[in-house]
Structure formats: structure tokens, C-alpha cells
Amino acid sequence: MGSFSIWHWLIVLVVVLLLFGRGKIPELMGDMAKGIKSFKKGMSDDEVDTTKTVDHRADEAVTPAKEKVSKT
């Protein structure tokens with residue numbers, strides 16, 4: 001009772017094909033593969049971005065805010 005026979009798997013396969021259709025399963029698998037590829041690309045992009053450093057240029061002066069001159 002714990003193991004499934006070949007007939008159980010064939011019935012499950014037929015039900016899945018009836019629910020999703022013949023062309024939908026490869027489309028779903030292709031979308032899943034694209035998702036995995038983009039996830040891996042995103043992970044490798046994150047690793048590259050974390051190793052970059054930002055150089056600050058000392059010759060760029062910060063301009064002070066203009067103060068309002070009050071006439072009293």
C-alpha cells in the first residue's frame with residue numbers, strides 16, 4: 001500500500017495532461033527555466049556589485065546652503 005504501481009503513475013499522468021493540456025506543460029517548464037536563469041544571473045550580479053567600492057573625490061566641494069539675510 002505504501003508504494004505506487006505503474007498504473008497509479010499512468011493515471012496521475014493522464015489527469016495532469018487533461019488538466020494542463022499537452023502544450024501547457026512545456027510552456028510551464030520553459031518559464032521555470034527562464035526564472036532559474038534570471039535568478040542565477042541576479043545572484044551573480046549581486047556578488048559583483050558588493051565587491052565594488054565607491055571612490056570619493058576630494059576636489060568636489062560641497063556648497064554651503066545660502067543663508068537668509070534678515071534686515072533688522
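How many residues apart are Glu 27 and Lys 24 in helix α2? They are three residues apart, so about one helical turn separates Glu 27 from Lys 24. The model described here is predicted.

## Overall make-up

The chain has two helices and zero strands. It counts 72 residues, of which 0% are classed as buried.

The area exposed by the chain is about 7,700 Å². Carbon and sulfur atoms supply 65% of that area.

## Helix α1 and the residue after it

Helix α1 covers residues 6-20. With 15 residues at 1.5 Å a residue, α1 should span 21 Å, and because its end C-alpha atoms are 21 Å apart, the expected and modelled spans agree.

Gly 21 follows α1. The phi of Gly 21 is positive, near 85°.

## The aromatic pair

One aromatic pair is present in the structure. Its members are Phe 4 and Trp 9, with 5.6 Å from centre to centre and 70° between the planes. The arrangement is edge-to-face, because planes over 60 degrees apart are put in that class.

Trp 9 lies in helix α1. Both Phe 4 and Trp 9 are exposed.

## The nonpolar patch

Phe 4 and Trp 9 also belong to a nonpolar surface patch of about 900 Å². The other residues that make this patch are Ile 11, Val 12, Val 15, Val 16, Leu 19, Phe 20 and Leu 28.

Helix α1 gives the largest share of the patch, seven residues. Trp 9 is in that helix.

## The salt bridge in helix α2

A search of the whole structure finds one salt bridge. It joins the side chains of Glu 27 and Lys 24, at 3.7 Å from N to O. The contact qualifies because the cut-off for a nitrogen of Lys and a carboxyl oxygen of Glu is 4 Å.

Both residues belong to helix α2, which covers residues 24-51. Glu 27 has 43% relative accessibility and so counts as partly exposed. Lys 24, at 36% relative accessibility, is likewise partly exposed.

Definitions and conventions:
Residues numbered from 1 in each chain as written. Predicted model: local features only at pLDDT ≥ 70, side-chain atom pairs only at ≥ 80, totals over all residues. Heavy atoms only, no water. Phe/Tyr/Trp six-rings, centres within 6.5 Å; stacked < 30°, edge-to-face > 60°. Buried < 20%, exposed > 50% of the residue type's maximum accessible area, 1.4 Å probe, protein only. Helix = DSSP H or I, 4+ residues; strand = E, 2+ residues; numbered from the N terminus. Areas by Shrake-Rupley, 256 points an atom, 1.4 Å probe, with all protein chains shown as cover. Patch = residues over 30% accessible without salt bridge, like charges linked within 9 Å, V, L, I, M, F, W, Y side chains within 5 Å. Expected span 1.5 Å × (residues − 1).
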